[in-house]
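Please look through the model below before reading my comments. I have kept them as numbered points for easy reply.

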Amino acid sequence: IVNINGNSYRLKNKIKIVVSIIGATLLFLVSAFYLELDFVTFFERGAEAGNVISNFMVINTQDIGEISAQLLVSIAMAIASLLIGILLSFIFSILGASNIAPSKLLSTFIKSGVSIIRAIPSLVWVLMIVASLGFGSVAGVVGLVFPTVGYLTKSFISSIEEVPEEMIETMRATGASWLQLVFEGVLPNVSQAFTTWIAIRLEANVAESISLGMVGAGGIGTVLSRAISSYNYGKISMCIICIFMTMLLFELSMGQVKKKQKIG
């Protein structure tokens, strides 16, 4: 009987896998048909990619000073927006987490607001800020604050709501005030999780600050955009190398932070 049930279970799994593969294939074909994707032309033109790639092999080191300076601008925008976002997200999270929120209505309002913020891409935020404040790093910082707050607030709330309810009820039963509950009960339990979320968001902010620079937020993204417009392949290559090395450094650093958090 066990063998028969085991065979039946494996057969059902195989059927699910086959159905999933067929469904995914049909979904791709429908999407490709709707988008009128021309793969034949794509692969034909792909043969010419070698000529373009060869242009990127010539690296222009003369602009390394300008590129490095603008890269630091991008990193500074990422850090500034992160610090502002951490402060706002902490306030919103302790007011929005359902297990410690002073008001259920306030908690619902904050969670709804965060969902709206997260639904709007960073690029759209920056474009709106640029239209209001003009081009420059201020627009980049303000534009990055919104997605940072959206991401961190949701993450912080999730971490706070995972705190054991028994601990919270025990502190309330002993007469602890709301501030004591937050700073002496909740924060010690979520500090490691908060650090991990912040590290992840810092890495994302650096990447986004580079991308948003191409739409007027300043930094190395602006340099890269201008180089692309003028077909300055040597400068483009130098920008790409600097961006790659920076992101690799942040990736390794964030990996060490996450590893220490797990060990701790």
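The points below go from the overall fold to the core, the surface and a few single residues.

1. Status and fold. This is a predicted model. The protein has 11 helices and zero strands. Read from the N terminus, the order of elements is therefore α-α-α-α-α-α-α-α-α-α-α. Among the contacts with a separation of 6 or more, 75% join residues that are 24 or more positions apart.

2. Burial and surface. The protein has 264 residues, and 34% of them are buried. The exposed area is about 16000 Å², and 69% of that area is supplied by carbon and sulfur atoms.

3. Largest nonpolar core. This core holds 38 residues. The members that touch the most other members are I67, I100, I160, F194, V206 and I220. Two or more residues each are given to this core by α4 (64-96), α7, α8 (165-173), α9 (178-212), α10 (220-229) and α11 (233-263). The largest share is that of α9, with 10 residues. In general, nonpolar side chains of soluble globular proteins tend to be buried together.

4. Contacts of I220. Which residues does I220 contact, leaving aside its neighbours within four places in sequence? They are I67, Q70, L71, S74, I210, C239, C242 and I243. I67 is also listed with I220 among the core members that touch the most others.

5. Another core. Apart from the largest nonpolar core lies another one, made of seven residues. I129, V130, A139 and A217 are among them.

6. G136 and its partners. G136 is placed in the loop between α6 (122-133) and α7 (137-161). With residues up to four places away in sequence not counted, G136 touches G216, A217 and G218. Of these, A217 is one of the residues of the seven-residue core. The C-alpha atoms of G136 and G213 are separated by 8.5 Å, although the two residues are 77 residues apart along the chain.

7. T222. This residue is found in helix α10. Is T222 buried or exposed? T222 counts as buried because its relative accessibility is 17%, and the cut-off for buried is under 20%. Leaving out residues up to four places away in sequence, T222 touches G213 and M214. G213 is thus a reference point for two comments, since its C-alpha atom also figures in the distance to G136.

8. Nonpolar surface patch. A patch of about 1200 Å² is made by V18, I22, L26, F28, L29, Y34, L35, L37, F39, F42 and F43. At least two of its residues come from each of α1 (2-35) and α2 (39-46). The largest share, seven residues, is that of α1.

9. L35. L35 lies in helix α1 and is one of the residues of the nonpolar patch. L35 counts as exposed because its relative accessibility is 55%, where exposed means over 50%.

10. Y231. Y231 lies in the loop between α10 and α11. Y231 is not a glycine, yet it has a positive phi of about 55°. The relative accessibility of Y231 is 59%, so Y231 counts as exposed.

How values were computed. Residues numbered from 1 in each chain as written. Predicted model: local features only at pLDDT ≥ 70, side-chain atom pairs only at ≥ 80, totals over all residues. Heavy atoms only, no water. Helix = DSSP H or I, 4+ residues; strand = E, 2+ residues; numbered from the N terminus. Contact = heavy atoms within 4.5 Å. Core = buried A, V, L, I, M, F, W, Y, C linked by side-chain atoms within 4.5 Å. Buried < 20%, exposed > 50% of the residue type's maximum accessible area, 1.4 Å probe, protein only. Areas by Shrake-Rupley, 256 points an atom, 1.4 Å probe, with all protein chains shown as cover. Patch = residues over 30% accessible without salt bridge, like charges linked within 9 Å, V, L, I, M, F, W, Y side chains within 5 Å. Salt bridge = Lys/Arg side-chain N within 4 Å of Asp/Glu carboxyl O.
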